[in-house]
Protein chains: 2
Amino acid sequence: MEAAAVLADRVRAGDVRAIARAMSIVDDESPAAAGLVAALHPHGGRARLVGITGSPGAGKSTLVDSLIGELRRRQRRVGVIAVDPTSPFSGGAVLGDRVRMQAHASDPGVFIRSLATRGQLGGLARSTGDVAAVLDAAGFDDILMETVGVGQDEVEIARAADVTVVVLVPGAGDDVQALKAGIMEIADVFVVNKADVPGAERTAASVRMLLGMSGADAQGWRPPIVLTDARSGRGVAELVDAVERFADAGQDIIAARRGARSGLRVRTLVTVLLMRELEDTLVPGELDRVVAAVSARRLDPYTAARLLAARIVASPDTRHGG
Amino acid sequence: MEAAAVLADRVRAGDVRAIARAMSIVDDESPAAAGLVAALHPHGGRARLVGITGSPGAGKSTLVDSLIGELRRRQRRVGVIAVDPTSPFSGGAVLGDRVRMQAHASDPGVFIRSLATRGQLGGLARSTGDVAAVLDAAGFDDILMETVGVGQDEVEIARAADVTVVVLVPGAGDDVQALKAGIMEIADVFVVNKADVPGAERTAASVRMLLGMSGADAQGWRPPIVLTDARSGRGVAELVDAVERFADAGQDIIAARRGARSGLRVRTLVTVLLMRELEDTLVPGELDRVVAAVSARRLDPYTAARLLAARIVASPDTRHGG
């Protein structure tokens with residue numbers, strides 16, 4: 001705990017190496033993570049978490065790059081979490097795109113972290129949230145969370161954001177796919193990027209039409225559609241303005257999202273702690289033997305789960321009070 | 001339990017209405033589900049679970065349609081689970097694609113079930129597995145699990161399969177995206193569909209090259225690449241042959257996958273049971289109050305989780321023996 005408090009102080013002071021180390025620690029749900037999260041938690045909640053998602057090729061990296069510039073002009077400190085889908089075949093190429101952002105590497109008001117999705121089934125949203133929490137405690141004002149694609153991962157990461165920006169490109173057949181995959185529901189602000197390409201207005205119009213059909217303003221907010229050209233920076237200030245308008249008008253929505261996030265985080269940690277308790281309780285190899293019996297159809301999975309759960313659950317009469 | 005045993009008997013006899021009802025029951029993890037799974041479990045494990053995935057537009061539905069025909073010619077009973085990503089904007093259209101399959105609706109040797117992904121964060125692979133388990137107990141020989149897209153959901157569903165077929169189309173820029181998203185690692189058999197389109201051989205050659213680089217045959221199996229034209233049925237018999245070859249040569253791999261699946265299922269059910277126990281133990285509103293304290297930064301999430309877990313965990317000295 002002592003060490004956690006010292007590290008937390010260094011994070012809060014904005015020490016770059018301490019921030020990087022804290023990110024690694026919070027990510028592994030170890031006892032060290034518990035102490036560090038406890039030390040950082042009271043100092044969080046001030047940053048604005050901005051999710052930026054959209055199809056591959058929509059120009060999100062360039063847009064994030066422009067956003068950093070615009071936010072820095074507004075005297076805001078900016079953290080960036082770039083979520084990269086990696087595979088043995090592509091890891092290098094995707095990371096290469098990030099090199100551009102390193103133009104900001106010498107600016108102490110900017111901190112960029114890449115997260116790889118590989119092998120993180122279901123854990124990616126959590127990792128993103130933990131890394132964001134460190135940047136939040138370190139006093140960054142805006143935390144941009146960039147994800148590639150429009151799959152379930154991205155929807156989950158959107159739930160880790162206060163504001164979600166969905167980036168489309170004019171005329172790409174992808175647009176309709178993106179909308180199909182449930183992305184309409186997560187957008188607080190739409191961007192049609194590469195607005196110099198013919199068809200940008202038409203794409204904006206189709207989104208406007210779909211929004212009209214969807215009743216997306218049921219909560220009092222109809223997502224605006226901002227045309228940008230990230231390369232020249234055109235429209236980027238308007239995008240920041242739109243995000244700020246949502247942060248202002250959508251305060252109740254944001255509070256509800258943060259509450260849902262806290263709830264999910266607590267529930268997830270409870271299951272982690274309970275499973276760890278179970279693993280500590282079982283004899284080595286015991287779980288494997290139970291699973292083998294299920295595989296061999298000698299035991300059904302529900303009965304197996306009930307037997308295992310009973311190993312750590314107190315009978316009601318021996319429980320501690322609430 | 002009595003009712004579960006009766007329903008299980010009707011499922012095993014192939015009663016279509018009983019199968020549909022059992023699918024609904026197993027999906028909700030209720031006490032009724034526990035009894036039914038227990039009754040069905042000893043009779044499962046015989047079906048071959050075939051996952052079929054790939055980009056939207058790759059022609060997977062048509063391919064599944066042809067596969068049903070080929071498998072029926074081989075006297076095999078075929079179950080199909082079509083996983084549909086739905087949104088308010090697309091639900092109808094995607095389901096419309098399935099209508100074609102209904103040509104088999106009057107064939108008692110074919111059972112088709114659609115599963116919607118909407119709102120099923122993380123639970124989709126489980127639902128697919130449960131529905132497959134009912135079809136398995138009902139005596140279907142092959143269970144085709146068709147998913148759209150190449151996201152995390154699809155990777156998870158692939159893990160629910162014994163054999164995974166990845167469907168590509170010639171020359172689509174999508175190919176490279178698909179490979180990037182980690183799909184290379186899950187394919188046991190590749191299909192280049194629409195093989196009449198120019199560039200099919202070139203697409204097959206690029207996959208072959210990537211496979212050569214990847215050492216994909218480390219486990220003694222190098223995924224074959226089958227060219228099909230699902231509309232005419234060309235190549236579909238070869239595809240079934242390739243799947244059968246994998247089922248034969250890859251027996252150890254399949255056994256390992258089934259073991260991993262049993263392990264994941266048991267662990268998931270343990271957490272479900274433990275969380276249910278916790279919810280039953282807490283005073284109504286108590287969890288909400290704890291979460292609100294976390295949101296308000298008066299309590300950190302680890303401490304909250306520890307306090308909650310302690311409400312149901314037995315101290316070591318009051319535990320039942322193992």
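In this predicted model, strand 1 (residues 48–54) of chain B runs parallel to strand 4 of chain B, and five bridges join the pair. Within this pairing, B:Ile52 stands opposite B:Glu146 of strand 4.

Strand 4 of chain B spans residues 142–147 and is mostly covered, with six of its six residues buried. Its side chains are divided between two directions: B:Asp142, B:Leu144 and B:Glu146 point one way, while B:Ile143, B:Met145 and B:Thr147 point the other way, and all are buried.

A search of the whole structure finds four cavities of 30 Å³ or more. The two described here are set out below.

| Cavity | Volume | Nonpolar lining residues | Polar lining residues | Charged lining residues |
|---|---|---|---|---|
| Largest cavity | about 80 Å³ | nine | none | three |
| Second largest cavity | about 70 Å³ | six | none | two |

The lining of the largest cavity includes A:Arg48, A:Asp142 and A:Glu244, together with residues such as A:Ile52, A:Leu67 and A:Val165. Two or more lining residues come from each of strand 1 (48–54), helix 4 (60–73), strand 4 (142–147) and helix 10 (236–249) of chain A. Helix 10 of chain A gives the most, with four residues.

The second largest cavity is lined by B:Arg48, B:Val50, B:Leu67, B:Leu71, B:Asp142, B:Leu144, B:Val240 and B:Val243. In chain B, strand 1, helix 4 (60–73), strand 4 and helix 10 (236–249) each give two or more residues to this lining. Of the strand 4 residues that point one way, B:Asp142 and B:Leu144 are also among the residues lining this cavity.

How values were computed:
Residues are numbered from 1 along each chain as its sequence is written. Chains are lettered from A and ligands numbered from 1 in the order in which they are written. Side-chain values use heavy atoms; hydrogens and water are left out. Buried means under 20% relative accessible area, exposed over 50%, partly exposed in between (1.4 Å probe, protein chains only). Two strands pair if DSSP finds at least two bridges between them. On a 1 Å grid over the protein atoms alone, a cavity is a set of points where a 1.4 Å probe fits but cannot get out, and a pocket is an open set with protein on both sides within 12 Å along at least five of seven lines; lining residues have an atom within 4 Å of a point. Grid points are joined across faces, edges and corners, and a volume is the space filled by probe spheres set on the points. Ala, Val, Leu, Ile, Met, Phe, Trp, Tyr, Cys and Pro count as nonpolar, Asp, Glu, Lys and Arg as charged, and the others, Gly among them, as polar.
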